Amino acid sequence: MGILEKISEIEKEIARTQKNKATEYHLGLLKAKLAKYRAQLLEPSKSSAGKGEGFDVMKSGDARVALIGFPSVGKSTFLSLMTSTASEAASYEFTTLTCIPGVIEYKGANIQLLDLPGIIEGAAQGKGRGRQVIAVARTADVVIMMLDATKGEVQRSLLEKELESVGIRLNKDKPNIYFKPKKGGGISFNSTVTLTQCSEKLVQLILHEYKIFNAEVLFREDSTPDEFIDVIVGNRVYMPCLYVYNKIDQISMEEVDRLARRSHSVVISCGMKLNLDYLLEKLWECLALTCIFTKKRGQRPDFADAIILRRGASVEHVCHRIHRTLASQFKYALVWGTSTKYSPQRVGLNHMMEHEDVIQIVKK
């Protein structure tokens, strides 16, 4: 029996099994086996044929955004509207056959936008270049899931399932579980909260399935068996996702209102160029970027060329971005902006910068 057959058997068994107190250990074991087989499926085969056309694109700009969606939902039209790159768009499916990069210039930042080929059901098993598409999506900072507003919720649930099965967790935080394999001493299990979904026996069963007999486990939150399996496997990617519903000019106002009120959702129309500016605002929020402007002594700030950093960056991060030796020669910095109590404020390396702050660095 091949891996695909084993996966489908386990999925059928999970669907058949009634969820209650008596079956939770059985379900936990099945989920552990399922995660193990899916990991094997994603490993590249040793006897692969000659190299095909390159698919991944070199990372450039300040952030990377991947466009994922079924064929003919408007990904290429969206790329052509938002960037200066022209991606072929037509009314038939699979117009785009490889990864096409473009750059969005917004608030002084260069955001790389990747137009990926449409993925179909079963992409995680390798159908229609699905594995390569999903592998590129794993390297992105944010995923934009393009959905056809006329198709309802079917596309969203199918795409979420495909991404979930290859270890991409959308709009979720990493489980707060400490896990460390050891050389001896058995399994040490502790929790700082009351666990309602996992028990010590279930944790031991899951670890035994992975051939782990000595480990330290500490639950700091009430997590599910699936989240614990994610921690053991360790190759999961947690990333923000924007659900973008295109073609809203073809549905009723009530339906547009319902879709727009869903969490992490934006409604647009590429054909009529509706709501694209709001989408850029939401994308900027998801990327959590900040612009920092520099200033030389006795001169006006340079507002033409900003330093783009992640939210929560300190003065030390700014120094490293300007030059790698600057932090070692640092004496103090003067900062103007919302992160200070008064302007200018004299600060050290650990001062946290905020959006559109101005910094002047003084060396020793």
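Two residues are in contact when they have heavy atoms within 4.5 Å of each other. Keep that in mind as you work through these exercises on a predicted model.

## Exercise 1: Getting an overview

Describe the chain as a whole: its helices and strands, its buried share and its contacts.

**Solution.**
- Step 1: Start with the elements. The chain holds 10 helices and 16 strands.
- Step 2: Look at burial. Of the 364 residues, 44% are buried.
- Step 3: Turn to the surface. About 19500 Å² is exposed, and carbon and sulfur atoms supply 51% of that area.
- Step 4: Take the contacts with a separation of 6 or more. Residues 24 or more positions apart account for 64% of them.

## Exercise 2: The surroundings of Arg 236

Find where Arg 236 sits and work out which residues surround it.

**Solution.**
- Step 1: Locate the residue. Arg 236 belongs to the loop that links helix H7 (225-233) with strand S9 (237-239).
- Step 2: Decide whether it is buried or exposed. The cut-off for buried is under 20% relative accessible area. Arg 236 has 19% relative accessibility, so it counts as buried.
- Step 3: Set aside the neighbours within four places in sequence. Arg 236 is then in contact with Ala 35, Gly 167, Arg 169 and Asp 230.
- Step 4: Look for polar contacts of the side chain. One goes to the side chain of Asp 230, at 2.9 Å. Another goes to the side chain of Asn 235, at 3.1 Å.

## Exercise 3: One side of helix H3

Starting from Lys 75, work out how the buried residues of H3 are arranged and what they pack against.

**Solution.**
- Step 1: Place Lys 75. This residue lies in helix H3, which covers residues 75-82.
- Step 2: Check its burial. Lys 75 has 6% relative accessibility and therefore counts as buried.
- Step 3: List the buried residues of H3. They are Lys 75, Ser 76, Phe 78, Leu 79 and Met 82. Because they cover an arc of only 160° around the axis, they lie on the same side of H3.
- Step 4: Recall the general rule. An α-helix has 3.6 residues a turn, so residues three or four places apart point the same way.
- Step 5: See what this side packs against. The partners are strand S1 (63-69), strand S2 (100-106), strand S3 (109-115), strand S4 (142-148) and H9.
- Step 6: Compare sequence with space. Lys 75 and Pro 117 are 42 residues apart in sequence, while their C-alpha atoms are 8.7 Å apart.

## Exercise 4: Checking helix H9

Test the length of H9 against the expected span, then find which of its residues are buried.

**Solution.**
- Step 1: Work out the expectation. H9 (residues 276-287) has 12 residues, and at 1.5 Å a residue they should span 16 Å.
- Step 2: Compare with the model. The end C-alpha atoms of H9 are 17 Å apart, which agrees.
- Step 3: List the buried residues. In H9 these are Leu 276, Leu 279, Leu 280, Leu 283, Trp 284 and Leu 287. Their arc around the axis is only 140°, so they sit on the same side of H9.
- Step 4: Look just past the helix. There, Ala 288 takes a positive phi of about 55°.

## Exercise 5: The two faces of strand S8

Sort the side chains of S8 by face, and find the strands that pair with S8.

**Solution.**
- Step 1: Start from the general rule. In a regular strand, side chains alternate between the two faces of the sheet.
- Step 2: Apply the idea here. Ala 215, Val 217 and Phe 219 point to one face and are buried, whereas Glu 216 and Leu 218 point to the other and are not.
- Step 3: Find the antiparallel partner. S6 pairs with S8 in that sense over 5 bridges, and Pro 181 stands opposite Ala 215.
- Step 4: Find the parallel partner. Strand S7 (residues 187-191) is joined to S8 by 5 bridges, and Ser 188 stands opposite Glu 216.

## Exercise 6: Backbone details in loops

Describe the backbone at Asn 171, Lys 211 and Pro 344.

**Solution.**
- Step 1: Asn 171 is not a glycine, and its phi is positive, near 50°. Its loop runs between strand S5 (168-170) and strand S6 (177-181). With a relative accessible area of 28%, Asn 171 is partly exposed.
- Step 2: Lys 211 is not a glycine either, and has a positive phi of about 60°. Its loop connects helix H6 (200-209) and strand S8 (215-219). At 62% relative accessible area, Lys 211 is exposed.
- Step 3: Pro 344 is joined to Ser 343 by a cis peptide bond, with omega about -5°. Pro 344 sits in the loop between strand S14 (330-336) and strand S15 (345-347).

How values were computed. Residues numbered from 1 in each chain as written. Predicted model: local features only at pLDDT ≥ 70, side-chain atom pairs only at ≥ 80, totals over all residues. Heavy atoms only, no water. Helix = DSSP H or I, 4+ residues; strand = E, 2+ residues; numbered from the N terminus. Buried < 20%, exposed > 50% of the residue type's maximum accessible area, 1.4 Å probe, protein only. Expected span 1.5 Å × (residues − 1). Arc of directions from axis to C-beta. Polar contact = N/O pair within 3.5 Å; in protein donor to acceptor, adjacent residues only side chain to side chain. Areas by Shrake-Rupley, 256 points an atom, 1.4 Å probe, with all protein chains shown as cover. Pairing = 2+ DSSP bridges.
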